[in-house]
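Student: I would like to go through this structure step by step. Could we start with the strands and then turn to the helices?

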Amino acid sequence: LANKKVLVVDDDTRNIFAMISVLEDQQMHTAFADNGRDAIAILHSDSNIDIVLMDIMMPEMDGIDTMREIRRSPRFKNLPIIAVTAKAMKGDRERCIEAGAW
């Protein structure tokens with residue numbers, strides 16, 4: 001994980017802080033967005049993102065829609081996106097994979 005760059009996408013600043021703290025302890029470089037639209041903008045402006053941790057339940061543009069939008073770009077075809085959620089509902093795993101999560 002050392003020297004890899006992760007984009008953490010979550011609308012709860014406590015979650016962002018917790019995840020980034022753990023990842024930086026592993027010598028990862030970090031970036032964050034608190035909504036899907038900003039995450040997409042960051043991906044387009046920063047070519048050094050190696051992986052994305054994507055919250056599923058966000059207002060405005062949820063993680064499912066954000067992953068679908070990211071996957072529309074051939075540039076992000078192989079970008080690892082890991083879905084993260086505190087409230088997994090029945091069928092969420094399948095919906096996340098269908099949207100482009102790993």
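**Strands, helices and salt bridges**

Tutor: The model is predicted. In it, β3 is mostly covered, with five of its five residues buried.

Student: Which residues of β3 lie on the side opposite I51, L53 and D55?

Tutor: Both faces of β3 are covered. I51, L53 and D55 are buried on one side. The buried residues on the other side are V52 and M54.

Student: In which sense does β3 pair with β1 and with β4?

Tutor: β1 and β3 pair over four bridges, and β3 and β4 also pair over four bridges. For β1 with β3 the sense is parallel. For β3 with β4 the sense is likewise parallel.

Student: Which residue of β4 stands opposite M54?

Tutor: M54 belongs to β3, where V9 stands opposite it. In β4, the residue opposite M54 is A83.

Student: Which residues touch the most other members of the largest nonpolar core?

Tutor: In soluble globular proteins, nonpolar side chains tend to be buried together. The largest nonpolar core here has 22 residues. Two or more of them come from each of β1 (5-9), β2 (29-33), α2, β3, α3 and α4. The members touching the most others are L7, L43, V52, M54 and M67.

Student: How many residues are in the other core?

Tutor: Another core lies apart from the largest one. V6, I16, L23 and L53 are among its members. Its number of residues is nine.

Student: What does L43 contact, leaving aside its neighbours within four places in sequence?

Tutor: L43 is one of the residues that touch the most other members of the largest core. With those neighbours left aside, its contacts are L7, I49, V52, I70, R75, F76 and L79.

Student: Is I40 buried or exposed?

Tutor: I40 is in helix α2. Its relative accessibility is 15%, and the cut-off for buried is under 20%. I40 therefore counts as buried.

Student: How far apart in space are the C-alpha atoms of I40 and T66?

Tutor: I40 touches M61, T66, E69 and I70, not counting residues up to four places away in sequence. Along the sequence, I40 and T66 are 26 residues apart. From C-alpha to C-alpha, the distance is 7.4 Å.

Student: Why do the buried residues of α3 line one face of the helix?

Tutor: In α3 (residues 63-71), the buried residues are G63, I64, T66, M67 and I70. Seen down the axis of α3, they fall within a limited arc, so they line one face. The arc is 165 degrees.

Student: Which elements do the buried residues of α3 pack against?

Tutor: Two of the elements are strands and two are helices. The strands are β3 (51-55) and β4 (81-84). The helices are α2 (36-45) and α4 (92-99).

Student: Which residue caps the N-terminal end of α3?

Tutor: A side-chain oxygen of the capping residue lies 3.2 Å from the backbone nitrogen of I64. The residue is D62.

Student: How far apart are the closest N and O atoms of D65 and R68?

Tutor: D65 and R68 are three residues apart in helix α3, so about one helical turn separates them. D65 is partly exposed at 38% relative accessibility, and R68 is partly exposed at 33%. The two form a salt bridge, in which the closest N and O atoms are 3.7 Å apart.

Student: Which residue of α4 forms a salt bridge with R68?

Tutor: The N to O distance in this salt bridge is 2.7 Å. The pair links distant parts of the chain, since R68 is in helix α3 and its partner, 30 residues away, is in helix α4. The partner has a relative accessibility of 53% and counts as exposed. That partner is E98.

Student: In the salt bridge of R95 and D92, which residue is buried?

Tutor: Both residues lie in helix α4, three residues apart, about one turn of the helix. Their closest N and O atoms are 3.7 Å apart. R95 is partly exposed, with a relative accessible area of 43%. The buried residue, at 11%, is D92.

Student: Which residues are joined into one network by salt bridges that share partners?

Tutor: R68 forms a salt bridge with D65, and R68 also forms one with E98. The network consists of D65, R68 and E98.

Key:
Residues numbered from 1 in each chain as written. Predicted model: local features only at pLDDT ≥ 70, side-chain atom pairs only at ≥ 80, totals over all residues. Heavy atoms only, no water. Buried < 20%, exposed > 50% of the residue type's maximum accessible area, 1.4 Å probe, protein only. Arc of directions from axis to C-beta. Contact = heavy atoms within 4.5 Å. Polar contact = N/O pair within 3.5 Å; in protein donor to acceptor, adjacent residues only side chain to side chain. Salt bridge = Lys/Arg side-chain N within 4 Å of Asp/Glu carboxyl O. Core = buried A, V, L, I, M, F, W, Y, C linked by side-chain atoms within 4.5 Å. Pairing = 2+ DSSP bridges.
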